[in-house]
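Q: I have a structure open here and would like to talk through how its helices pack and which side chains pair up. Could you start with the wording I will need for helix crossings?

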Amino acid sequence: MKDIMRVIEELNHLKDVDTILDRVLYQARQLTNADAGSIFLLQDGHLHFSYVHNDTLFGKQGATKHIYTDFSLPVNDKSIVGYAALTGETLVIDDAYTLDPDLPYHFNSSFDRESGYATHSILTIPLKTLRGNRVGVLQLINAMDEQGQVRPFSEEDVNYAPFFANHASVAIERGVMTRELILRMMKMAEMRDPAETGAHVMRVGSYSAEIFHKIAITKGQDETEARRTKDIIRLAAMLHDVGKVGIPDSILKKPGKLTREEFDTIQWHTVYGAALFANTTSELDVLSRDIALHHHERWNGRGYPGKLPEDLSQADTICQRPLAGEEIPLAARICALADVYDALGSSRSYKEAWPEGKILELIRSERGEHFDPQVVDAFFEIYDTIQAIKAKFHDHTRS
């Protein structure tokens with residue numbers, strides 16, 4: 001019980017819903033010694049697949065691209081998770097392949113057939129806050145004994161896991177609300193610049209988070225610390241272009257090429273965005289400021305806005321001295337690539353979307369010029385995850 005309460009306290013310090021789901025699923029599996037599990041979140045009357053772990057198939061490092069699998073289920077009594085969400089009941093199944101055929105719900109074995117996995121014991125828990133709000137469903141799969149063999153979930157599992165899940169639901173609900181708040185902020189930017197869609201910022205945030213995580217693990221950073229920073233970078237990167245609210249519509253919505261004067265004006269969106277986080281009170285504020293201000297810097301020192309004076313009223317030109325190399329904050333270097341990759345692959349009023357091969361060729365050619373070499377390398381090392389993110393957060397602006 002002390003361990004459960006300690007983890008719940010840790011959850012209260014996390015901000016992004018994906019990081020919260022990862023921690024909730026990990027801890028629930030630790031409590032029950034479950035090999036695998038997934039979380040479905042309730043949205044618009046459907047259960048949306050939102051997170052997954054599977055030690056047998058994906059290993060201890062997580063599910064990478066599988067986290068971004070995109071599908072949903074109705075809330076009804078036909079599926080196991082749908083039934084749990086509908087009734088609010090915790091379901092304990094000793095063997096999925098010997099379910100009573102007279103039950104209204106049934107086990108869908110398609111994942112097992114496609115992956116070669118063997119699902120047997122299942123513990124399915126509705127996620128409800130202490131106020132009774134339904135958040136989603138937590139499903140744990142294949143409890144393991146000390147010899148590594150699948151066993152049924154024990155009475156202790158059935159007592160403690162729902163207790164933890166109900167308390168964790170509060171953190172999940174808060175994480176969902178935080179993301180929705182940021183998307184609403186970006187909706188204001190979308191009203192000014194149609195390119196700043198919710199799907200675009202979700203993609204850029206997710207690309208940035210996963211690229212950072214790859215770099216951190218490659219460098220041997222502590223996994224807990226890496227995931228904590230990843231949590232913040234995802235949200236901060238979603239706010240990279242929030243400063244565009246200060247740019248005139250005549251420039252943002254111009255269908256043709258910008259004049260030199262217009263381009264000089266639009267560069268100020270980096271400064272306007274950073275100004276929103278000038279009075280930093282948290283690490284999220286710091287990273288949001290760094291990304292907003294510096295995501296158009298270039299590794300070779302030919303970007304903008306560069307090093308600015310403390311008193312911006314004294315700046316008669318946007319670029320005092322361009323930053324270069326590791327002078328540029330790492331989070332901004334990562335977001336620079338994520339933003340360019342997504343922008344090139346999206347249709348705009350003034351351009352068609354580039355073919356994927358052409359985009360990848362440009363990124364390779366700009367390694368060490370526009371982009372930090374380690375960021376480019378990490379991007380290609382997790383390219384399957386990048387593709388999964390792009391598929392999940394699609395919108396009508398993409399080809």
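A: A crossing counts as left-handed if the near helix is turned anticlockwise from the far one by less than a right angle, and as right-handed if it is turned clockwise. Please keep in mind as we go that this is a predicted model.

Q: Okay, so what is the handedness of the crossing of α7 and α8?
A: The crossing of α7 and α8 is right-handed. Helix α7 covers residues 198-218, and it packs against α8 at an angle of about 155° with the two axes 8 Å apart.

Q: And why are those two called roughly antiparallel?
A: Angles over 145 degrees count as roughly antiparallel, and the angle here is about 155°, so α7 and α8 are roughly antiparallel to each other.

Q: Which residues meet there?
A: On the α7 side they include Val201, Met202, Val204, Gly205, Phe212 and Ile217, and on the α8 side they include Ala226, Arg227, Ile233, Ala237 and Met238. Charged residues take part as well, among them Glu210 in α7 and Lys230 and Arg234 in α8.

Q: Do those charged ones turn up again, and if so, what about the pairs in general: how many salt bridges are there?
A: The structure holds 25 salt bridges. One pair is formed by the side chains of Glu356 and Lys390, with 2.8 Å from N to O. That pair links distant parts of the chain, since Glu356 is in helix α14 (residues 356-365) and Lys390 is in helix α16 (residues 383-392), 34 residues apart. Lys390 counts as buried, at 16% relative accessibility. As for the charged residues you asked about, salt bridges that share partners join Glu210, Lys230 and Arg234 with Asp16, Asp18 and Arg179 into one network.

Q: What about a short-range pair, say Arg260: which residue does it bridge to?
A: Arg260 forms a salt bridge with Asp264, and the closest N and O atoms are 2.8 Å apart. Both residues lie in helix α10 (residues 260-266), 4 residues apart, which is about one turn of the helix. Asp264 is partly exposed, with a relative accessible area of 31%.

Q: And Asp290, what is its partner?
A: Asp290 forms a salt bridge with Arg289, where the closest N and O atoms are 3.7 Å apart. Asp290 counts as buried at 17% relative accessibility, whereas Arg289 counts as partly exposed at 27%.

Q: Back to helices for a moment: how do α8 and α12 pack?
A: Helix α8 (residues 223-238) and helix α12 (residues 283-294) pack at an angle of about 50°, with their axes 9 Å apart. That angle makes α8 oblique to α12, and α8 passes α12 in a right-handed crossing. The contact is made by residues including Arg228, Ile232 and Leu235 of α8 and Glu283, Leu284 and Ile291 of α12.

Q: Changing topic, where is His120, and is it buried or partly exposed?
A: His120 sits in the loop between α5 (110-115) and β5 (122-128), and it counts as partly exposed at 28% relative accessibility. Its side chain makes a polar contact with the side chain of Asp95 at 3.2 Å. Leaving aside neighbours within four places in sequence, His120 is also in contact with residues including Ile93, Tyr97, Asn142 and Val150.

Q: What about Ser38, buried or exposed?
A: Ser38 counts as buried at 7% relative accessibility, and its place is in strand β1 (residues 34-43). Not counting residues up to four places away in sequence, Ser38 touches Leu25, Phe49, Tyr51, Val52, Val137, Leu138 and Gln139.

Q: And Thr129, where is that one?
A: Thr129 is found in the loop between β5 and β6 (134-144). Thr129 is buried, with a relative accessible area of 5%, and apart from its neighbours within four places in sequence it is in contact with Val135, Asn166, Ser169, Val170 and Glu173.

Q: Last one: what does Glu366 contact?
A: Leaving aside its neighbours within four places in sequence, Glu366 is in contact with Arg298 and Phe371. The C-alpha atoms of Glu366 and Arg298 are separated by 9.8 Å, although the two residues are 68 residues apart along the chain. Glu366 itself is in the loop between α14 and α15 (373-381) and counts as partly exposed at 22% relative accessibility.

Technical notes: Residues are numbered from 1 along each chain as its sequence is written. This is a predicted model: local features need pLDDT of at least 70, side-chain atom pairs count only at pLDDT 80 or more; totals for chains, interfaces and linings use all residues. Side-chain values use heavy atoms; hydrogens and water are left out. A salt bridge is a side-chain nitrogen of Lys or Arg within 4 Å of a carboxyl oxygen of Asp or Glu. Buried means under 20% relative accessible area, exposed over 50%, partly exposed in between (1.4 Å probe, protein chains only). Contact means heavy atoms within 4.5 Å. A polar contact is a pair of N or O atoms within 3.5 Å; within protein, one must be able to donate a hydrogen and the other to accept it, and residues adjacent in sequence count only if both atoms are side-chain atoms. Axes are lines fitted to C-alpha atoms, for helices over the stretch in contact, and angles run from 0 to 180 degrees between N-to-C directions. Angles under 35 degrees count as roughly parallel, over 145 as roughly antiparallel, 65 to 115 as roughly perpendicular and the rest as oblique.
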